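Please read the points below with the sequence and the structure open beside you, and look up each residue as you come to it. The note takes up one topic at a time.

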Amino acid sequence: MRRNRNTSLDAVVTDFLLLGLAHPPNLRTFLFLVFFLIYILTQLGNLLILLTVWADPKLHARPMYILLGVLSFLDMWLSSVIVPRLILNFTPASKAIPFGGCVAQLYFFHFLGSTQCFLYTLMAYDRYLAICKPLRYPVLMNGKLCTVLVAGAWVAGSIHGSIQATLTFRLPYCGPNQIDYFICDIPAVLRLACADTTINELVTFVDIGVVAASCFMLILLSYANIVHAILKIRTADGRKRAFSTCGSHLTVVTVYYVPCIFIYLRAGSKSPFDGAVAVFYTVVTPLLNPLIYTLRNQEVKSALKRLTAGRRDVGGDK
């Protein structure tokens, strides 16, 4: 059982102070510029993917790229929930966040994060059907079913975020109000609760652990079948194309899940390394996703070339 000491239940916290990432004062301007640049590049990169999928008829008619467009949309919003608050920590502005703002940030962080987790699973399932059941793929994964599955991922993510936010903020918070982290997240906020947090920590471990582990196992199962099917392809070119379409997704899944597991399966940890790991999957991963998909996916690169070539032709006609 954990309970904060030297607190009065008569006092009620109305706002929190996000202490942010520990950093040398002389690096404040540099870090501000770095994270500001990361945010701008994340928005532009994911917007480029989103517009490419929408504008190219060959991409937006295929479930794989519909899912990629949704992933880019999620990355843009997830970055917007986290990075602007993080950037404020490197300015003279107040580090205070209203109680309601903290609730909203925690909800949207877990809502968008868990939706992304479900989406990665759908993307793996889509690749499994495309490679292992190519003849039945148009029937098993069509545009209508893809839309229903994506809607289900959003609904499940919203429910997950609501559960986590409700359980976290049903507890009394009567001081102190300093969150030793750069966002309002469950482990950091629970340390400030004026009540026993054992149940919360258990539910967090089980809920997030079950969601992440289930999705991860389904992804691994899909890729085990995919690898088995790819090895049966007789031509080297066919194997190369199959690995190319799957390699980008597998890379993204790895850089997302490994830091997540490190953070939430060690919810009681107070290691300073946790902050750096959390920055990687909340700030850096949304930046890497468009780079990975454009550099490793030949069809996206071809669509970008067609898009830019089309604009040049329009400019030439004028």
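**Notes on the predicted model**

1. *The sheet.* In this predicted model, three strands form an open sheet in the order S2-S1-S3, and the pairing within it is mixed. Strand S2 (96-98) and strand S3 are the edge strands, each having a single partner strand, so one side of each is left without a neighbour in the sheet. As a reminder, the strands of a sheet pair through backbone hydrogen bonds, and they may do so in a parallel or an antiparallel way.

2. *One strand pair in detail.* Strand S1 (residues 15-18) is paired with S2 in the antiparallel sense, and three bridges join the two. Which residue of S2 is the bridge partner of Phe16? The partner is Ile97. Phe16 can also be related to Gly101, for although 85 residues separate Gly101 and Phe16 in sequence, their C-alpha atoms are 9.2 Å apart in space. Gly101 itself is found in helix H4, and its relative accessible area of 27% makes Gly101 partly exposed.

3. *The chain as a whole.* The chain contains 11 helices and three strands, and, read from the N terminus on, its elements follow the order β-α-α-α-β-α-α-α-β-α-α-α-α-α. Of the 318 residues in the chain, 47% are buried.

4. *Annotated segments.* The unreviewed UniProt entry carries the annotation "transmembrane region" for residues 30-53, 65-87, 107-125, 145-163, 208-231, 243-265 and 277-295. It is worth setting two of these segments from the record against the model. Residues 65-87 are 100% helix and 0% strand, with the C-alpha atoms at the two ends 32 Å apart. Residues 107-125 are likewise 100% helix and 0% strand, and here the end C-alpha atoms are 27 Å apart.

5. *The disulfide of Cys102 and Cys184.* A disulfide is a covalent bond between the sulfur atoms of two cysteines, and a search of the whole structure finds two disulfides. One of them is formed by Cys102 and Cys184, whose sulfur atoms lie 2.1 Å apart. This pair links distant parts of the chain, since Cys102 is in helix H4 (residues 99-132) while Cys184 is in the loop between strand S3 (178-179) and helix H7 (186-190), 82 residues apart. The link of Cys102 and Cys184 is left-handed, with -120° about the S-S bond, and both of these cysteines are buried.

6. *The disulfide of Cys174 and Cys194.* The sulfur atoms of Cys174 and Cys194 are 2.0 Å apart, and these two residues form a disulfide as well. Here too the pair links distant parts of the chain: Cys174 is in the loop between helix H6 (143-169) and S3, Cys194 is in the loop between H7 and helix H8 (198-231), and the two are 20 residues apart. With -135° about the S-S bond, this link of Cys174 and Cys194 is left-handed, and Cys174 and Cys194 are both buried. When the bonded cysteines of the chain are numbered in sequence order, the pairing reads 1-3, 2-4.

7. *Two cysteines to check.* Why is the sulfur of Cys215 not bonded to that of Cys117? Cys117 is in no disulfide, and the nearest cysteine sulfur to it, that of Cys215, is 3.6 Å away. A disulfide is counted here when the two sulfur atoms are within 2.5 Å, and therefore the 3.6 Å between the sulfur of Cys215 and its closest cysteine sulfur, in Cys117, is too far for a bond. Cys117 is buried, with a relative accessible area of 4%, and Cys215, at 6% relative accessibility, counts as buried also.

8. *The second largest cavity.* The structure holds two cavities of 30 Å³ or more, and the second largest cavity has a volume of about 30 Å³. Its lining is made up of Asn46, Ile49, Leu68, Leu71, Ser72, Asp75, Asn289, Pro290 and Tyr293. The elements that contribute two or more residues to this lining are helix H1 (28-55), helix H3 (63-88) and helix H10 (273-296), and H3 supplies the largest share, four residues. Sorted by class, the lining of the second largest cavity has five nonpolar, three polar and one charged residues.

Definitions and conventions
Residues are numbered from 1 along each chain as its sequence is written. This is a predicted model: local features need pLDDT of at least 70, side-chain atom pairs count only at pLDDT 80 or more; totals for chains, interfaces and linings use all residues. Side-chain values use heavy atoms; hydrogens and water are left out. On a 1 Å grid over the protein atoms alone, a cavity is a set of points where a 1.4 Å probe fits but cannot get out, and a pocket is an open set with protein on both sides within 12 Å along at least five of seven lines; lining residues have an atom within 4 Å of a point. Grid points are joined across faces, edges and corners, and a volume is the space filled by probe spheres set on the points. Ala, Val, Leu, Ile, Met, Phe, Trp, Tyr, Cys and Pro count as nonpolar, Asp, Glu, Lys and Arg as charged, and the others, Gly among them, as polar. UniProt positions are given in the numbering used here, feature names are shortened, and annotations may be inferred rather than shown by experiment. Buried means under 20% relative accessible area, exposed over 50%, partly exposed in between (1.4 Å probe, protein chains only). Two strands pair if DSSP finds at least two bridges between them.
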